[in-house]
Amino acid sequence: MVAVDAGVAPLNGRWRLVRLEFDGEDGVRRTLTDVDGPITNPLGETVEARGNGTLSVADDRLALSAGTLINGHFYTYATGYSANGFGVAGLLDQATGRFTLPGSAMGVTLQRNDEGTVSLTGDTFGTSRLTYARAPSPVLVERISTVGVAMIREMPAPMTPLNLRVALFWDHVGAVPDTESNGVAVRFVGRFASYPIVLAGPPPAEVRSRVGVATVALARIALYIDQDASLTFNRAVDRPLAISPVGIAWRDDTPGSDAMNNPVRDLSPGYQYVHIHADSSLGRPAVTPFDNTHLVAPDMPVFVSMSAIPVIPDVL
């Protein structure tokens with residue numbers, strides 16, 4: 001944690017999640033830090049849990065990612081998924097820490113704490129309290145070798161079809177179809193299916209795009225039924241089942257800041273996991289990175305009961 005006099009310093013800049021306080025489904029108040037620690041869930045099981053996220057603050061925009069991980073992975077619950085994020089336009093009052101949404105009395109308060117952190121409270125968070133510390137230079141991640149988990153929300157899990165595959169789909173500027181890579185067959189055991197993701201170096205040139213001052217690459221993680229058994233996604237035949245709000249992004253080390261209308265303006269050099277969400281300041285999807293200090297996992301929620309076919313939205 002970098003020591004900062006939050007009482008006088010501007011709130012603008014990048015922060016990282018260091019503490020998350022919330023009321024559990026059993027009514028018990030719980031506190032997580034950014035490092036794994038034991039907690040007991042409502043079933044009486046002891047698990048390792050932590051929080052992760054970043055916060056980007058400007059006078060006219062606020063963007064954050066915030067998630068909780070159990071035994072190293074995001075998870076589904078009755079009404080949603082434990083990886084969250086948003087980006088909104090508004091105005092920041094530096095004196096009070098109040099960030100107010102346009103045309104509304106609703107907003108978020110960034111409460112300055114004595115130790116130099118800020119805690120987010122307000123209409124969006126209910127009784128939860130998210131505390132962020134000033135972020136040092138982001139940890140550079142040049143390669144990825146990890147395991148993601150797809151989790152079906154429904155209990156008990158319905159039967160899943162055969163020929164399931166998970167792959168990365170790299171976004172492109174314009175209407176060019178996404179480029180598929182890292183495809184792997186998966187099989188659900190109960191509600192869970194795991195899949196490896198290995199990226200041995202920077203993404204290849206064909207999946208990179210120039211956006212603002214930097215060159216970037218952005219991959220969505222998707223689960224689909226390989227109905228023609230071709231081992232690749234055929235848009236005319238195969239059916240997408242789930243697209244994760246967690247993606248994988250990469251940025252080169254070109255220095256300089258990006259304009260307000262850039263959907264990947266908060267990326268740092270190298271790889272990072274990101275939350276992909278609607279950004280009201282852009283009127284389109286954008287990304288906010290998770291914190292690389294303790295990496296999250298490239299996980300995916302699966303809502304089998306949904307009748308609508310998911311669509312991979314353009315971000316770049």
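Biologist: Which residues are linked with Arg16 in a network of salt bridges?

Modeller: In this predicted model, Arg16 is linked with Asp34 and Asp291 in such a network.

Biologist: What makes the pair of Arg16 and Asp34 a salt bridge?

Modeller: Their side chains meet at 2.6 Å, N to O. The cut-off is within 4 Å between a side-chain nitrogen of Lys or Arg and a carboxyl oxygen of Asp or Glu, so the pair qualifies. The structure holds 8 salt bridges.

Biologist: Where in the chain do Arg16 and Asp34 lie?

Modeller: Arg16 belongs to strand β1, residues 13-23, while Asp34 sits in the loop between β2 (29-33) and β3 (37-40). The two are 18 residues apart, and the pair links distant parts of the chain.

Biologist: Why is Arg16 called buried?

Modeller: Its relative accessibility is 10%. Buried means under 20%, so Arg16 counts as buried. Asp34, with a relative accessible area of 14%, is buried because that value is also under 20%.

Biologist: How do you know that Arg129 forms a salt bridge with Glu21?

Modeller: The closest N and O atoms of Arg129 and Glu21 are 3.6 Å apart. That is within 4 Å, so the pair counts as a salt bridge. Arg129 is in strand β14 (residues 129-134) and Glu21 in strand β1, 108 residues apart. Glu21 has a relative accessible area of 17%, and is therefore buried.

Biologist: What makes Arg29 partly exposed, in its salt bridge with Asp23?

Modeller: Arg29 has 39% relative accessibility. Partly exposed lies between under 20% and over 50%, so Arg29 falls in that class. Asp23, at 38%, counts as partly exposed for that reason too. The closest N and O atoms of this pair are 3.2 Å apart.

Biologist: Turning to the nonpolar residues, which members of the largest nonpolar core touch the most other members?

Modeller: Leu223 and Ile248 do, out of 34 residues in that core. Strands that each supply at least two residues include β15 (144-152), β20 (214-225) and β21 (239-251). Strand β20 gives the most, with 5 residues. Among the residues that Leu223 touches are Val166, Phe188, Leu241 and Met300. Apart from this core lies another, of 25 residues, among them Ile39, Val88, Val118 and Leu120.

Biologist: Why is Ile221 called buried?

Modeller: Its relative accessible area is 0%, which is under 20%, so Ile221 is buried. Ile221 lies in strand β20. Beyond four places in sequence, Ile221 touches residues including Ala167, Tyr195, Ile243 and Pro298. Gly247 is 26 residues from Ile221 in sequence, with 6.1 Å between their C-alpha atoms.

Biologist: What makes β18 and β24 edge strands?

Modeller: Each pairs on one side only. They belong to an open sheet of 3 strands, in the order β18-β15-β24, with mixed pairing. Neighbouring strands there are turned by 20° against each other on average, direction ignored.

Biologist: How do you know that β15 and β24 pair?

Modeller: 3 bridges join them, and pairing takes at least two, so β15 and β24 are paired. The two strands run parallel. Ile152 stands opposite Val302 in β24.

Biologist: How confident is the prediction, and where does pLDDT stay under 50?

Modeller: The protein averages a pLDDT of 90, and 95% of the residues score at least 70. Residues 1-7 stay under 50. Where pLDDT is low, the predicted coordinates should not be read in detail. For residues 1-7 the model has 13 contacts beyond four places in sequence.

Technical notes. Residues are numbered from 1 along each chain as its sequence is written. This is a predicted model: local features need pLDDT of at least 70, side-chain atom pairs count only at pLDDT 80 or more; totals for chains, interfaces and linings use all residues. Side-chain values use heavy atoms; hydrogens and water are left out. A nonpolar core is a set of buried Ala, Val, Leu, Ile, Met, Phe, Trp, Tyr and Cys residues joined through side-chain atoms within 4.5 Å. Buried means under 20% relative accessible area, exposed over 50%, partly exposed in between (1.4 Å probe, protein chains only). Helices (H or I, at least four residues) and strands (E, at least two) are DSSP runs, numbered from the N terminus. Contact means heavy atoms within 4.5 Å. pLDDT is the predictor's confidence in each residue, from 0 to 100. Axes are lines fitted to C-alpha atoms, for helices over the stretch in contact, and angles run from 0 to 180 degrees between N-to-C directions.
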